[in-house]
Every structure is written in C-alpha cells, then in structure tokens.
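Okay, thanks for coming, everybody. I'll take a few minutes to walk through one structure, and you can stop me whenever you like. Let me put it up.

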Amino acid sequence: MFKRRLLPLALGLGLVAALVLLRAADPYPVQVLREIGFDFYQQLQPRPPADWPVRVVDIDEAALTAEGQWPWPRDRLALLVERLTELGAAVIAIDMLFPEPDRWSPDGAHDRRFATALAAVPTVMGFAVSPGVPALPGKPKAGFAVSGSDPLGAVPQLPGAVLPLPELREAAAGLGSLSLNSSDAGGIVRRIPLLWAAEEQYYSSLAVEALRLAFGASTLVVLGDTGGQGYVDALRIGGLTVPTSASGDLWIHYRESDPALYVSAADLLGPDYRAQVGRVAGHIVLVGTSASGLLDLHGTPLGENVPGVSIHAQALEQMLSGSFLVRADWVSGLEIVGFAILGSLLVVTVLQLGPLAGLLLGAAALLAALGASWFMFATSGVMIDASFPLLGLLLLYLALVFIRFLTTDADKRQLRRAFGYYVAPALLEEIERNSARLQLGGELREVTVLFTDVRDFTPLSERLAPQEIVSVLNTLFGALGARIVEQLGTIDKFMGDSIMAFWNAPVDVDDHARRACRAALGMRATLRELNAGNAFGLRGRAPHPEQLVCGVGIASGAALAGNMGLETRFDYSVVGDTVNVASRVEGACKDVGYDIVVVEATRAAAPDYAYLEAGSIRLKGKSRREPIHVLVGDADLAASTGFVELRTAHARAVGKLRAGAAAPGDLAACKALAAAVEPGLLRFYDRLGERQADFVEAAAE
C-alpha cells in the first residue's frame, strides 16, 4: 500500500524532471513559444514615442519616381550627402553596400566625388556579413578596450564580409556591420548584434558606429563579465552603457512606425531641400531604402514589415533613451528553478488534495507567473518567460489528473477540504520605474528656473591668482549647489561665476516653485556662513572685498525640456522664455538692491513665503513690464509680527510711489522696520525711492 501511494508521486515528479530538462535543453519549439510571448508583450506596450535626434533619409518609391530606378549614379548620392552636410547633420550612416565601382562613371569621377562628400562630415559606411567571401574589414575604425574577462569567443564570428570600395571605406570615419539577426523565430528581427569578431579583433555595428561618432568617442569599451565566464555584459559607447545579451546582441524594444522619423530622399534632392533643415540639423541621419523592389524589408514583433534602416534607427533611439529590454543569464535559471518548484507543488497538491485543489493552485501559479512576467517587462524591461510555465503546468496538470484517475481507489475521501491559494515565488528584485522619462527630450513642461551670479566678480578675479579664483569658485559652487540639490533641483550648468538650475524636469517635482525659493533662501544663509567664516580667504586682503555677494533670480513658467547641444554632444537642458526671464530677473538684483528677486508667477505658486513688491522690469520683446518681488524669507517669517508690520508699511509706501507722490517718510518707516526683520533690506529701501519710475510706468500699462 505504501509503495502504491508513492508511485503516483514518483511519476508526477518524474514528469516535472522531464519538463525541467526540456526547458534546460531549450529546443527550437520552446524558443519559438518564448519569443512569441515576448512579441505579444511588445504589442501590448511598445516603446513610447519620443522625438530623439535620429532621422532616416528614405530612398522610397517617391524618390525612385523622381530620380529613376536603382542604382542611381553615385554623383546623386554624393549630392545627397553634401546637402545633408550643408543642413547640419551630426553623423551620416549609409545603410547600403557599394562593393563595385559606379557603372554610370567608368572613369571613377562619381566615386571620387562620393568619397569627397563622405570625408567632409562624420560618416559611417557599412559591410555585410557573408560566409561566401574570404575578405574581412581589416583594422576597425574604432578602438576597442575590454573591461573584465575578454568575451571575444562569445561574440558572433565574422566569416567574411562584403566591403565597400576602398576609397569609400577610407573616406568614412566609421565602418559598421549592416547585418541584422534574422535567425529569430519566424524571420522576425528581435535582436541585432552590436559586436562581431574575427582574427582576435572586434568590429561594431552600423548603429554603434553612428553613436560613437555622435559622441566624438574614439574607443568602445566591451564590458566582459566579472566572473570569468567569458561573455558580454554591456558595451560602453561614450557616456552610454548599453546592456547586451551574453553574445553582445541588443534586444530591440520597438515603437510603432512614425512617419516623422523619415525624410524622403526626393525632398533632399529637390530644389526646396533647405526646408528640411529643422529635421536634419544636429541629428544622426541614416540613409537607407524602404522601396519594396530593393528587398530590404524585415518583420518586427509589432507585426509590421519595416526597412532594415529603420531597425538601425530604432536601435539608436533605444540606446539614446537608456531604456532597454534585458534577458540576463540568471533569468533563464530563475525560470527553470521556479518551474521546478511550481511543478512539484502541483504534483503534491493534485495527488494529495485532488484535481480541484490542483486547478486552483495551477491557476494561481499561472496568474502569478503571468503577472510577474508582465510587471517586470512593463516596469523595467526584464523579459521573464511565462509561456513555458503556462504550457508546462497545463500539460503536467492534465497528466496528473489522468494518473490520479488511474490510481485512486474506490474508497477515496468524500470530504473535500477548502483550499487556499498558493502564492508563486516572490520577485527577486524590484527595479525603480524609469521618465522617461526622462522623457527626456522635446517636451513642454512647467518649470521653475533659478540663476545666481557673483556680484563684481570680474574686478576680483583680475586681482586674484588663477588658482585662487578656482578655489573661491569651487568653495562657492560646492556649497550653493548642495542647497539646490537638497531641494531636488537640477543644476544645468556652471557659467563662469554663475549657476543655472531648474526644477520639475526631467521628472515631476511637487511644489517646484516653493522648492526653488527654499533653495535660494538656503543659498543666502550658506553664503553668509561662508563669509562669516572667511571660507574664501578674502578677509584682510585689501583691496579685495571682505566677502562675496550673490544675486539670485527665479522665474516660473513653461519651457521646452530636452536634449540640446552641438552636433556631437547631447545635453539635457531647458530653453524658452521662462529661462530668459529668470536670467533678466537675476540681473535686476543689482538695480533693485536685493539678493533674491522672483517674478509674479513664482510668488503666486508659493504665496505663503515672505515677499515684498519691487516694481517691475521691462523685458526685451515683451509689450508689458514684468512685475517682480524680493524674497525676504520663508513662511515662518511671513507670519511673524515684524514682517506683517513691514509688509503693511511697504504697501503704503509703494502705493504712494505708484501714484507718483514722494514717500520719504514712508520709506524711512519701512527701513526702520526692515532692520529688525532682514538687514539686507536696508539697501533695497535706499534704492526703492530712486526707482519710482518703475512703479509709475507699470501703473500706466
């Protein structure tokens, strides 16, 4: 009887072991099922659209109609490259092969012109991986360094390559592989190899070369695993680290096709090509073809057939976004162990508690596996296979029900216990959600911008030694920058003796105007402490000033946040009218006679702080003057009796100034009250009477 009871358990666990071995062997049907599951995830949540600095110049049907059938004379391609150069393309990558001389130009003039055009701008030519030719690309254009164990053996080996003409290859600044990984199930391109290897040398893909030139990098860093297993962890391109598969492949997270990605070659070869400058300038431009007759269409997980050049473009966008799909080696091990545990639990449950309990456990396990798999994909791009547990547990359950039916005796128990749900194994790690999100680049956001500048720094710098200037600025920027960062601000840049910072980009920051004001007050307090402690070493060194004085200007409003910069350098920043206003307001600190000046929008967004009206300033390009206020202190100061009295007296004095009346007595009363509230206001009131015109003109508008 004991052996009879153990037999179903042994059979069930044997089935679990067989399924585990099947998953570990990972035959082609299992791979197909897994990849179809990941395709479905991409269809549910494709990569969000964003305007990255990548464009595709498309030799489409319209271009063939306008310019004639392919291949075109190479002087037309040279003209295309010349016009892209003229329009300010940062990098030009050619997703086409030119292995033979131009048949339209027997004397080679067209090829020479093409080579000259390629040499005038950072360009990338491509080679095609081919086992049918013995040639190899020779020395790569990029340098390669290896960190960790050398994974050369794990990278796909280059059997041979179809190369562009030598003069074209030499003219280009980069050389990369055009080949895509079409060996995925169903001929769908899910991954592209970023690296190839041949004769102890690495070679990179077209997209990697284009990004390398865009960043102005001369060397690529291959990050091998630190455990000495000899596989690839990631590839570092300039300042970007791109996680890869063990063989150096990039899993592509596709976004839906966007016509804005493409610029027709017909538009660039036509007379009105300059109209495309806004779509080309500062962009990585890939030149390829979508014309169906040129046979460069490939399937994607989204169910679309797209040209190969758009797959390279999607890879570039993904690397720039920093949002990746990840399937590390530990994921496969986790899946096998998790299935073994769930399968064993299912065996025990079905055989001991019956099919209904097994059905409940199986359903709970499947829901947990699907939920965990989808959660990891949606939040962090980690791809965990839910297809094999779905099919494997279903087959196991049916087999167990059949075994139990065959082995259960006639006096089986009538009473069925109530059965609770078993929870699947917990997730190993929780990865912080990404904005995208940053969503960086090209989005209009409500921000608060802060500028600060050292007053009269130029005369001081003329009297200090260079190393002393650096010491002063390092001390100042380190202390003031800490106050900005404490309030979740983003330091945009240090400009000489100035700092620009902003709030509410690239991620949302609640109460960004209040945080900027709090940072400004903290900067004031910190600067006073530094001056009191002689942190800048200026005390007693006439004719140097005894202390540093800074002005701070703050403005709130709409601004465009995104990647800005030169052709080969990307820099996240904000631009727009709000930035210009903040800069002008900071400049007004000297005329106002106070160290922190804010605009009306900032005051309205943080109304509980202590402000005093400071008139208005005229801004270039605006018909109306901008009201400004001085920021005296925080909410506690605003509620204090002394400040309430000062604010009342100040309103009375400003009312007279606005009406054009003299108010020396009122200003003197304000000054007397200000001495007990904030000594820095004394100079403000000295200047206030001199600025009566600002109040009068504002009242007249």
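So, the secondary structure first: the chain has 23 helices and 25 strands. Keep in mind as we go that this is a predicted model.

Now the overall dimensions. Along its principal axes, the C-alpha trace spans about 105 × 90 × 50 Å. The radius of gyration is 34 Å, while a compact globule of 701 residues would be near 27 Å. How much of the chain counts as buried? That comes to 51% of the 701 residues. On the outside, the chain exposes about 31,200 Å², and 58% of that is supplied by carbon and sulfur atoms. And the contacts: take those with a separation of 6 or more, and 77% of them are between residues 24 or more positions apart.

Right, on to the holes. How many cavities of 30 Å³ or more does the structure hold? There are 4. I'll talk about two of them.

The largest cavity holds about 80 Å³ of space. It has 14 lining residues, and the ones nearest its centre are R255, S257, V306, S310 and Q314. By type, the lining of this largest cavity divides into 6 nonpolar, 4 polar and 4 charged residues. Helix α10, residues 308-321, gives the largest share of that lining, with 3 residues.

Let me zoom in on Q314, which sits in helix α10. Buried or exposed? Have a guess for Q314. Its relative accessibility is 7%, and the cut-off for buried is under 20%, so Q314 counts as buried. If you skip the neighbours within four places in sequence, Q314 is in contact with R47, I252, H253, Y254 and R255. You've just heard one of those names: R255 is also on the list of residues nearest the centre of the largest cavity.

Next, the second largest cavity, with a volume of about 40 Å³. Its lining is F38, D39, Q42, R190, W251, I252, P301, L325 and M383. Here the largest share, 3 residues, comes from helix α2, residues 28-44. The split by type for this second cavity is 6 nonpolar, 1 polar and 2 charged. If I252 rings a bell, that's because Q314 has I252 among its contacts, and I252 is in this lining too.

Last topic: backbone oddities. A bit of background first: most residues other than glycine have a negative phi, and most peptide bonds are trans.

Which peptide bond is cis here? The one from W70 to P71, with omega near 5 degrees. You'll find P71 in the loop between α3 (61-67) and α4 (74-86).

Then there are two residues with positive phi that aren't glycine. One is L488, where phi is near 65 degrees. Its spot is the loop between α15 (466-486) and β19 (490-495). L488 has 48% relative accessibility, so it counts as partly exposed.

The other is N534, with phi near 55 degrees. N534 lies in the loop between α16 (512-532) and β21 (550-564). At 27% relative accessibility, N534 is partly exposed as well.

So if you open the model yourselves later, here's where I'd start: Q314 in helix α10, then the cis bond from W70 to P71, then L488 with its positive phi. That's all from me. Any questions?

Note on methods:
Residues are numbered from 1 along each chain as its sequence is written. This is a predicted model: local features need pLDDT of at least 70, side-chain atom pairs count only at pLDDT 80 or more; totals for chains, interfaces and linings use all residues. Side-chain values use heavy atoms; hydrogens and water are left out. On a 1 Å grid over the protein atoms alone, a cavity is a set of points where a 1.4 Å probe fits but cannot get out, and a pocket is an open set with protein on both sides within 12 Å along at least five of seven lines; lining residues have an atom within 4 Å of a point. Grid points are joined across faces, edges and corners, and a volume is the space filled by probe spheres set on the points. Helices (H or I, at least four residues) and strands (E, at least two) are DSSP runs, numbered from the N terminus. Ala, Val, Leu, Ile, Met, Phe, Trp, Tyr, Cys and Pro count as nonpolar, Asp, Glu, Lys and Arg as charged, and the others, Gly among them, as polar. The radius of gyration is taken over C-alpha atoms; the globule rule is 2.2 Å times the number of residues to the power 0.38. Buried means under 20% relative accessible area, exposed over 50%, partly exposed in between (1.4 Å probe, protein chains only). Contact means heavy atoms within 4.5 Å. Accessible areas come from the Shrake-Rupley method with a 1.4 Å probe; for residues, only the protein chains shown count as cover.
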